[in-house]
Every structure is written in C-alpha cells, then in structure tokens.
Amino acid sequence: MAATLCSRLLPKSVTMKLYCGTGQHNHHLSENTQLIFEVLGNDGWLPLSQIVRHGSKAVTCHRKPVHFLKQKLMAVTEYIPPTPAAPPGALAPRVRQTEEESALAVLLRKYLETLFKEFKMIAMVQNNAINAEDLMVLKHKLKRHNISVKFFPNHVTRSFLSNSIYSNMWPLFVGQTVIIVSKEPKVKEMLQTLRHSPQMVLLGACIENALLSYQGILNYSKLPSMTTIQGELVGGLTMITSQTVSMLLHHPAHLSALLLQYVKQQGSGDSTNAVTDKDTIKEAAA
C-alpha cells in the first residue's frame, strides 16, 4: 500500500528504490519507512483530501400534506399588501412641447379655405412620380378648360380638413396628393385629360358640396349638361301649359258645336214642316 502511494507521489528514481526494498522480508520494512522519511523529510506527508464517514440519520417524522380545502382557504385569505404609492415629487408631469405653426402654413390654410368656397369642383389626384415635362403638358391641357392644378403640403391640408365640414376627405391626403380645381363642374373634360396621364390616379372629388368616389365621378360625367336639362325642363313645362289650355278650351268649343248642330237641326225641321203644310193646302184646294 505504501509502495503504491509512493509510486504515485514520488519521482520514478525514488520509486524504483522503494520497489527494490519491498521484495524483501518484513524485517526490511523499517528500512523502507526510513527511506520514505529521508525522501519526504522530517515533516512527513499528509493526503490532499480526507474522507469522513458519518452515521446514518433516520428520518422518523414526516410532515403530513395539507388538506385541499385548507389550501384553498389559505390561498383566499392570504394577505396581499398594497403597493406603496409614489411620493408626490417622484414623478414629474410630462410637458408636451407644442410647435407654433409657421406664417406660411397659416397663409396656405387660408388660401385653401377660400379655394373650397369659390370652386365647385375639387378633385384629389395621386401623383405617382410624374416627370416635369408630362406635368407641364397636363397643366396646359387642363388650362384649356379653365381647370387648374394646385399643390399643398399634406400637414396644411389635414389641419384645414380636420376642423371643417370636409373632414371625410382627410384619408385621401396620404403621400403626394395633387388638387385639381374648377369653378364649374367640368368632369368630362377632366376625365378625358387624365386618361392620357396614367401616373395621375383620380381618388375622389367634392363636386357642388357632395363627396364622390371614383365610380360616383364616372356616373356624374354621364349626366347631361345643365343647359340640356334646362331646355328639357322648359319644353316639358310648355307642353303641360299647352295641354292645360287645350283642356280648358275643349268644353266651350264642344258646347258651341253642339249648339250649332242643334240650330241646324231646328232649321231643317221647320223647312220640312213648311213644305208639308203647302202640300196639304194644294190638296184641299183641288
């Protein structure tokens, strides 16, 4: 046992000496121990770790499980302490920084307000990256029909629409939105001009204080013009008045015709009576 321990802990040269000594009889054991003390010194050697055995501890008392009803009662009646309130100076109130509107934005909003009051047709068109040349051609074509193209920032338009009767038009102003205005509702001319510019997509319009979608604008363009409607209305009214006059004059004319026929019948009856009287007189004279 001592030899194996020494072989693990001592150098190889020393262990060879020990192994040579372990092959002899017991009376040589003292020499081996003396050799170990010579190698390790007078202080001796202690193992690095020691194993200590303890006696077994028998557990004789087991804790009984708590009844289910008692667990529920304890869970219900458990004390929940209130959360401590923060001191009044701990949370400072948040102050919102409001930016003042610039003078240019105020001027544009006023101009937009007058534009909604004076013009009868206001159409919203989405600009899908049209180049400057095509935009210039589009403006020129619309100007022939007295239709103008206006550009306003979205934040100015939204600030105006949010506090006006046109608040339902607010979702249309997202991205690059262009406003096409006209003092008269020239919907057909606008649709024909926009048909040649696919980059400009018509979203909706406000025509004579009525909000219309794209399909509503198409239906409005199919209606006849105001002059045509006025002519049809005047023609219908004159026809009704002429019919009324003819109906009013029908009864007197019919009555006069009946009276004339009665007079004629009376005149023919008198002549026949006179002829018959003459014949009777001649017969009596003969």
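Among contacts in the protein chain (heavy atoms within 4.5 Å) between residues at least 6 apart in sequence, 71% join residues at least 24 apart. Keep in mind throughout that this is a predicted model, in which local features need pLDDT of at least 70 and side-chain atom pairs count only at pLDDT 80 or more, while totals for chains, interfaces and linings use all residues. Residues are numbered from 1 along each chain as its sequence is written, and side-chain values use heavy atoms, with hydrogens and water left out.

**The whole chain**

Colour the protein chain by secondary structure, and you should find ten helices and five strands; here helices (H or I, at least four residues) and strands (E, at least two) are DSSP runs, numbered from the N terminus. Of the 286 residues in the protein chain, 20% are buried, where buried means under 20% relative accessible area, exposed means over 50%, and partly exposed lies in between, with a 1.4 Å probe and protein chains only.

**The sheet**

Select the five strands next, which form an open sheet in the order S2-S3-S1-S4-S5 with antiparallel pairing; two strands pair if DSSP finds at least two bridges between them. Strand S2 (147-150) and strand S5 (211-212) stand at the edges with a single partner strand each, so one side of each has no neighbour in the sheet. Now add helix H8 (residues 187-194), which packs on the sheet and touches strand S1 (121-127), S2, S3 and strand S4 (200-207). The direction of H8 makes about 170° with that of S4, where axes are lines fitted to C-alpha atoms, for helices over the stretch in contact, and angles run from 0 to 180 degrees between N-to-C directions.

Move to S1, which is largely enclosed by the rest of the structure, because six of its seven residues are buried. On one pairing, six bridges join S1 to S3 in an antiparallel arrangement, and Met121 stands opposite Ser182 in S3. On another, seven bridges join S1 to S4, again antiparallel, and here Gln126 stands opposite Val201 in S4.

At S2, four bridges lead to strand S3 (residues 177-182), and these two strands run antiparallel; pick Lys150 to find its bridge partner in S3, Ile179. Then select Ser148, also found in strand S2, which is buried, with a relative accessible area of 17%. Leaving aside residues up to four places away in sequence, Ser148 touches Lys143, Ile179, Ile180 and Val181.

**Helices H8 and H9**

Return to H8 and show helix H9 (residues 214-221) with it: their axes come within 9 Å and cross at roughly 120°. H8 and H9 are therefore oblique to each other, on a scale where angles under 35 degrees count as roughly parallel, over 145 as roughly antiparallel, 65 to 115 as roughly perpendicular and the rest as oblique. To see the contact, display Val187, Lys188 and Leu191 of H8 together with Ile217, Leu218, Tyr220 and Ser221 of H9.

**Helices H5 and H7**

Select helix H7 (residues 154-161), whose buried residues are Val156, Thr157, Phe160 and Leu161. These buried residues cover an arc of only 125° around the axis, which puts them on the same side of H7; the arc is that of the directions from the helix axis to the C-beta atoms. Helix H5 (103-118) is included in what covers them.

With H5 and H7 both displayed, you can follow their axes, which come within 9 Å and cross at roughly 55°, and H5 and H7 are therefore oblique to each other. Ala105, Leu108, Arg109, Leu112, Glu113 and Phe116 in H5 meet Val156, Thr157, Ser159, Phe160 and Leu161 in H7.

**Two loop residues**

Finish with the backbone angles, remembering that most residues other than glycine have a negative phi. Centre on Ala129, in the loop between S1 and helix H6 (132-143), where phi is positive, at about 55°, although the residue is not a glycine. Ala129 counts as exposed, at 69% relative accessibility. Then go to Asn146, in the loop between H6 and S2, which has a positive phi of about 60° although it is not a glycine, and which counts as exposed at 57% relative accessibility.
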